[in-house]
Amino acid sequence: MEKNYTYILSCADGSLYTGWTNHLAERAKTHNRGEGAKYTKPRRPVRLAYYEIWDTKQEAMRREWEIKQLTHGDKQALISAGQPDAAGIPCRHMRAESEGPG
């Protein structure tokens, strides 16, 4: 099953950009080549600051919208609350709401 990701990039100017993808490593490279979002092109280099792993595209897109509604400070708190992956990047493995706790 293909994984889907909601991610936050830290931009060179200190701002944060939120997006979703199903190819996380390649998407971050795309942003740094200036081929990603219009927002990140003049704010390079960008660094992956946080991500969440979702089972479906719909869940990842919904979460992207939710994160975009947060303040900068709330996004920073979300990043701080993540558990570092093998590369040290804060992340969360999300479960579908219908699966319940586990």
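This section describes strand pairing, burial and salt bridges in a predicted model.

Strand β3, which spans residues 47–54, is mostly covered, with seven of its eight residues buried. On one side of the pairing scheme, β3 is joined to strand β1 (residues 4–10) by seven bridges, and the two strands run antiparallel. Within this pairing, Y5 lies opposite I53 of β3. Strand β3 also pairs with strand β5 (residues 90–93), in this case in the parallel sense and over three bridges. Here E52 is placed opposite R92 of β5.

The pairing of β3 with β5 is accompanied by a side-chain interaction. E52 and R92 form a salt bridge with an N to O distance of 4.0 Å. This pair links distant parts of the chain, since E52 belongs to strand β3 and R92 to strand β5, 40 residues apart. The two partners differ in their exposure class: E52 is buried, with a relative accessible area of 0%, whereas R92 is partly exposed, with a relative accessible area of 34%. E52 therefore falls under the 20% limit for a buried residue, while R92 lies between the limits of 20% and 50% and so counts as partly exposed.

The salt bridge between E52 and R92 does not stand alone, as both residues belong to a network of salt bridges that also includes R62, R63 and E66. Within this network, the side chains of R62 and E66 meet in a salt bridge at 3.6 Å, N to O. R62 and E66 are four residues apart in helix α2 and are therefore separated by about one helical turn. Both are partly exposed: the relative accessible area is 34% for R62 and 30% for E66.

In total, the model contains nine salt bridges. Another of them joins the side chains of D55 and K3, with an N to O distance of 3.2 Å. This pair, too, links distant parts of the chain, with D55 in the loop between β3 and α2, K3 in the segment before β1, and their positions 52 residues apart in sequence. D55 is partly exposed, having a relative accessible area of 21%. Because the limit for a buried residue is under 20%, D55 is not classed as buried. K3 is likewise partly exposed, at a relative accessible area of 34%.

Burial was also examined in the helices. In helix α3 (residues 72–81), the buried residues are K75, L78 and I79. Viewed down the axis of α3, these residues fall within an arc of 100°, and so they line one face of the helix. The face turned away from the buried side carries the exposed residues S80 and A81. Among the elements that cover the buried residues of α3 are the strands β1, β2 (16–21), β3 and β5, together with helix α2 (57–68). Strand β3, itself mostly covered, thus appears both among the elements over the buried residues of α3 and as the pairing partner of β1 and β5.

In helix α1 (residues 24–32), the residue considered is T30. T30 is buried, with a relative accessible area of 11%. Apart from neighbours within four places in sequence, T30 is in contact with E35 and G36.

Technical notes:
Residues are numbered from 1 along each chain as its sequence is written. This is a predicted model: local features need pLDDT of at least 70, side-chain atom pairs count only at pLDDT 80 or more; totals for chains, interfaces and linings use all residues. Side-chain values use heavy atoms; hydrogens and water are left out. Buried means under 20% relative accessible area, exposed over 50%, partly exposed in between (1.4 Å probe, protein chains only). Two strands pair if DSSP finds at least two bridges between them. Contact means heavy atoms within 4.5 Å. The arc is that of the directions from the helix axis to the C-beta atoms.
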